[in-house]
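Here are a few exercises to work through with the model open. Try each one yourself before reading the solution.

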Amino acid sequence: MSNNIKQETPLQYFHKLSSHANSQRAELFNGEVEFALVVKEAPISTFLSLRGNGADNAFCAAVAEVLGVPVPTEPGTYHSSKEASIYWLGPDEWMLFSSMDASSLEARLRASLSGHIAIADISGGQTLINLRGDQLALEVVLKKSSVYDFGAWADASANAGRCVQSSFGKASAVVANKSDGSYDLIFRRSYADYIAQWLLHAGEEFGCRIES
Amino acid sequence: MSQINRLNTGARTDSTSRINFTYNGKQMQGVVGDTLASALLANGVNVVGRSFKYSRPRGIVGHGAEEPNAIMQIGSGAATVPNLKATQVELYEGLESASVNGWPNVNFDLMSITGWFGRMMPPGFYYKTFMYPAKLWMTYEHFIRKAAGLGSAPVQDDPDSYDKLNQHCDVLVVGAGPAGLVAAREAARAGARVIIADEQSEFGGSLLASINSIDGQVATSWVDELVAELESFSNVQTLPRSTAFGYYDHNFLGILQRRTDHLGISADSGSRQRLHRVRAKRVILATGAFERPLVFAQNDIPGVMQASSVSTYINRYGVAPGNRMILFTTNDNAYQTAIDWHRAGRAVVAVVDSRSAPSGEIVAVAQEMGIRVIAGSGVIEAQGGKRVRRALVAPLNGDGTEITGVVEKLACDLIACSGGWSPAIHLSSHTGAKPVWDETIIGFKPGQSVQKERSAGACGGTYSLAGCIAEGASAGAEAAKLAGCGDGTVHFPMPQIKEFSEQPAQALFLVPHTKATSRAPSQFVDMQLDVSASGIELAVREGFKSVEHIKRYTAMGFGTDQGKLGNINGMAILANALGQSIEQTGTTIFRPSYSPTTFGAIAGADVGALFDPERYTAVHRWHQEQGAAFEDVGQWKRPWYFPRGGESMQDAVNRECLAVRNSVGILDASTLGKIDIQGPDAAEFITRMYTNSYLKLAPGKCRYGVMLKEDGMIFDDGVCACIGDNHYLMFTTTGGAAGVLAWLELWQQTEWPDLQVYFTSVTDHWTTATITGPNARKVLAKVCDDIELANDAFQFMDWRDGTVAGVAARVFRISFTGELTYEINVPAHYGRHVWEALIAAGEEFDITPYGTESMHVLRAEKGFIIVGQDTDGSMTPADMNMDWVVGKNKTFSFIGKRSLQRSDSVRKNRKQLVGLKTVNGTQVLPEGAQVVFDPEQKIPMSMQGHVTSSYFSSNLGHSIALAVVKGGHGLLGKTVYCPLADGRTIAAEIVSSVFYDPKGERQNVE
Amino acid sequence: MLLIHCPHCREDREEEEYSYSGEAHIVRPLEPEALSDQEWGDYLFFRKNPKGIHHEMWYHAVGCRRYFYATRNTLSYEIIETYKVGEQPQVSAQGAAQ
Amino acid sequence: MKKYSGFSLFKNALSYHENWQKLWRSPKPKDYYDVIVVGGGGHGLATAYYLAKVHGITKVAVIEKGYLGGGNTARNTTIIRSNYLWDEAAQLYELSLKLWEGLSQELNYNVMFSQRGVLNLGHNLQDMRDIERRVNANRLNGIDGEVVTPERVKEIAPLINISKDCRYPILGASWQPRGGTARHDAVAWGYARGADALGVDLIQETEVIGIRRKNGSVVGVETTQGFIGSRKVACVTAGNSGVVAAMAGLRLPVESRPLQALVSEPVKPCLDTVVMSNAVHGYISQSDKGDLVIGAGVDGYNGYGQRGSFHVIEHTLQAICELFPAFSRVRMNRQWGGVVDTCPDACPIISKTSVDGLYFNCGWGTGGFKATPGSGYVFADTVANDHPHPLAAAFNVDRFNTGALIDEHGAAGVAH
């Protein structure tokens, strides 16, 4: 597709917005990051919903072969490489996130999988944001936002690879922890404005900025 | 007024740092560390309020959540807060406080009802009067309501914000007194995730007012060290100013943290209060105990206080609230107050001890100080007006039920009372644990645990400091172990503590008077609601027996203090009146909140813009830029109409509808639910869910379907397309999307797991731009060159993949307007691009964006229904004249089919969908108008149905309406009437529900 | 405020993630047309609604999107077990009574 | 029965209230009654009262396992209105409302029925269509009601937020001036006192543990005080209907769910009407004591525990703070739950059963309190004549077989 085709990410209109209630607090984090919390939206990427039998070795092997990442069969985990991540959403449901082209990835998967499977391209309907910053701020914002016990993941850097689909404000999101101590959030496009406002509100006490 | 009662002894307050505040408009000073109550007492304030029913003057009696009288309005304007207890308000510079009752003021109250008039208002008097004449009740009530309420709610919006944290921990400790603190320390050391919360501004509980020594140091120093130690653990969260207000199922507790109230300013960052929603593996309740007041005549006169509160004011706040004190006690423990008072340099008139021969170690200490002890006696009445002036003391018999000698009058200005202690079992009671009466502690103890909790320390009936610490330590270690941390053994050694050994206390719940209870001056049980011992006895006399009845009849325990002081005495007086034991009588069930909890904090951040998510399509901003008006559809914001210039809504809708029929319009249909369905059994499954069959639907084809609930009633509708072999795309209504997906999953997962089919919501993936009208093809052709668009090549109810405006698209030729229509679906990040490309391509045809209102008009012209508007959960397909969509020959009994054969479903005069054409075509029937056959009949009229949809059709030049009318399908041509609330009656003719292009030829544009 | 163990996620998760879906193990009649109105009405609407042990369906709506079953005491709200579709409860009202 | 009046109050004050008569006796159960009413809540007591008063059947016992009026009568938010959508429901609730209007005098007990009006708010276009439909139907049924604008709503409840900018703005409301509230406990006590005076035995702290039948007919009930005979057993045990039905081997189309409510601390009068919103889910009025009385929606799961989940309370207070932003700083004093028997069509069952002599009155869901007088009236008639009262006929249990449901969900969403 040609380059003059305009694309908009779900948080397009929030990039560079910030919330900052208390200047004193900002000084505390006045080093390289001026805001204790930074929300960064990933560029437009591929999201596929993958359904199939996780107990079927052939299925798992074929997916791993195409993605270059093993299929997580343990509940609440994800695996990732530079090009792709695959998140466990349910016993027969995964979300793929990738920089590879959606239709060709779908085609390759379909070619290598057999039996009862389903693949749906949901790239237009999702976005991924990375939430990084001060550990206390991250912890508080996650506690404000979700009923899930992220404390059970404890030391995030040692336990990277956990993910969960749970509540986020009055919407929902997939949250995953990363080895650098930050978190990725994946949620639906139509809720993006709400979640952006929610994060700006929840992060206000620490200072929160959204960037592309 | 100066701080006449301020002491210069070593309290927790800093007497050198002054704080200015106002009380009822008067300037006063307190010191850092004061509560409003301690500052008022320091300033010699006696009367802090008027009682609810009789407007009697009342003073401060307690020092915490138990306070019934010192109810204050704090602050002013938008940030005012009603009904705070002065004992719980930390003093800050500029604090404004005011009493909540009393007119014109608390010291001189014209509403005061004493003596005779008070006697006219026994419990239940409302029920017995104000009945005649009946029509005057609203007038009576008007005056009754004038006396209602304590403080005033603000009238402006709350300037503050609130938030919540979802907390999960291994061990939650409620209460940071001695038991709680050591429990938290043991659990923390075992590696548990610990939260410890306490309602007060600092941890320490009773030790903050203790002059005991622990391990050779002052108790408060021991506390400071312990708190510092706790704060050094990374696995411990300490929450001061945090009240656990409710204990809910499965170890979920609500804790309200007051973050800025003590600062006094409406904070400009962060939240005023924070609700911690805590899910704990184990809970340790270390909530302490409340001292029990003594019930004697006129025990509500200011200057009658709790003994432990007097000690707290002296030791913690450096305030001695009076000069000449009488201590009235039933136990050893309270002698400490006499000692504290004596050490503060004030006169102890006497200790009146109800026990005939008090002999505890501490009694001897007091006597050695020269304090007079009057044993075997009680204070039977307090006297005074706005302050106690004297006490009537009389000798009592052994069990405290009768006066046995001469009454002695003793002058005093303070009567400190202690009837023993009542464990704070509120939270344990919230769990459903049934409190048990324990004669040895003369109180209710927590019942058998029904949640994963245990009580430690005074709230479990253990009153010695050493006992509390030992119990706390073992509870902490045990809780950690049960949560999977540590081995359950106590790690830290017991501190050395010197305590007096105590002799048994006496149970004394109602101090006798020389007159019978019914005739004696009021002996108050529940101060806030003016419930007296005679009131309880009256209720029993009138036949009430159950403690819940008594509570409801007298209002005992319904106050904002929740009966923390009065309840046990009340139960005991009731038991006595019924001639049964307290155990038999039982106690009322405590319910959340333990202490009052701010609405805004319970609501949290989910108010205002965050009250409920607003869902937007990818084209939303374009709609906003065009000035669209929006309609709420479920959580979605959909463009309602696009007014141009100064257009009215009707003008805009007329223009939009004409544009669609005459040229081309464009609608954002992205909000429709879309479910991707794949699997070998997909067609079979879909066919079971819809009324019609999909077994023979070929790839590239679409079909309209209706879904029923198993009761046969329509619950959703939409088009379903066959995308490929074993692959379908189902469209749902906007509001029904989530429900339909859950419905499909329910049947597949639980009823037919053998059917191989997967469902995935793809609603958000697609932006759907619907272009409709005779020029729709011409517009599409300008931006799409890889789909053959000719009428016979790309037919009605077909779909094609192609490229639109350079973007891979899926185009459906279906129609909700009756015009030639293409629904163009592209991934949503291209949504705005494709939309704008279509607008540009349509410019020469004056392509007109239209909203949901025009969509409704256009479909109504065609007689197409909207589920949820034309149906209401009681409509079958046949009712909607849609029998054609029901597959009669389907082999499988699809969902809802059987219900269509029930006797009521085949009844002849069911309400059926028809069109209504008003006799006067300019009149538009209101939606919701009721249809009758005879407008002249008397009320109640026989209603035949109602108008479900109604519009002015600019295309037809007259109004149109859809209605459901009993037996309507057989009534074509009949004139019916809609009598309206405004007095008009509109006549209309029953016509076909299809008003426009009945043969459906419009969309066959060549 | 229930804490419910999802047998698929294998974690205790908060009630807000779930929605309740009614009595479990009600099998849809194989031949609805063969039933009388009363038998059909019984299937549609009439429920055990016990005070005590109840087998019920829950949907992990904000989670793994799986339906599963729970054995719960409707008086104490204690959840005795959760189990997957296709599995049978280990505890029943009759069993608990014994 | 000694009559209550201002004069009797005066007279008794002279004697220090030492001579008040008991409100009711505490009799030992007899061996046999003409009718046994199972359940001593408002509906059961009203049924007994009207059996004695209207039908002259005075050999009646009300058997209550706890204390009179201790179930949902004691736990509801006391809202009274009759502006229901469907004819069947509207007529039943209107009968009730008419009885409320004279109830204090009828019972010589002030039930403090306060006709301060009820607003049902609309927040979206479909809400407003439903309100129009309901109000039009009400008016043609002879029930007072009007559709009012947001500005009029603001006049009636000045602290309400009618801003167009909020998430779900108020687009209008239905207004029933004759609606209002009453003092819930007084209703039970008033009917109890009235029934007792007519000879009805009120037997508290006695639980029915079995329904004895012979040849398909009722012959009495087993209780914790032993067997009591009767050919007619009328069950009015909201929150336990399924359990009682099971004693007779019956199942009902009801599910028992928690319903929660809360009150604030007392504040000076600031809300002089009843405000209900289905869309955002909150119901609020202010009691004569000053408490803001707030009702929530039904919890999602079956439960007999008289308590529900905290998130329901949170959601309700979010709605209240949206409607009344000024109440954000007011504090919740107490919250509690009841158990409501919900029917699939949100309408009650007032019905004979397949067992001769066994009658059920249940399934009131969230709408029971307001129906108390009417429910008792038509149920008493149904029991006395062994034939449905005309207004009860539509509420027979057989409707769940025929499909003739009265779907109040249709326009009321929640039939509070």
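**Exercise 1.** Which residue stands opposite Arg331(D) in E18(D)?

Solution. This is a predicted model, where local features need pLDDT of at least 70, side-chain atom pairs count only at pLDDT 80 or more, and totals for chains, interfaces and linings use all residues. Residues are numbered from 1 along each chain as its sequence is written, while chains are lettered from A and ligands numbered from 1 in the order in which they are written. Start with strand E31 of chain B, residues 597-598; strands (E, at least two residues) and helices (H or I, at least four) are DSSP runs, numbered from the N terminus. E31 pairs with E18(D) in the antiparallel sense over 2 bridges, and pairing takes at least two DSSP bridges. The residue you want is Thr598(B).

**Exercise 2.** Describe the side of chain D that touches chain B.

Solution. Count first: 84 residues of chain D are in contact with 85 of chain B (C-beta atoms, placed from the backbone, within 7 Å). Next, find the suppliers: elements giving at least two residues each include helix H1 (6-14), helix H7 (184-197) and strand E18 (331-342) of chain D. H5(D) has the largest share, 11 residues. Finally, sort by type: 38 are nonpolar, 25 polar and 21 charged.

**Exercise 3.** What pattern does chain C follow along the sequence?

Solution. Tally the elements of chain C: 2 helices and 6 strands. Now read them in order: β-β-β-α-β-β-β-α. For the dimensions, the C-alpha trace of chain C spans about 45 × 35 × 25 Å along its principal axes.

Key: Two residues are in contact if their C-beta atoms, placed from the backbone, lie within 7 Å. Ala, Val, Leu, Ile, Met, Phe, Trp, Tyr, Cys and Pro count as nonpolar, Asp, Glu, Lys and Arg as charged, and the others, Gly among them, as polar.
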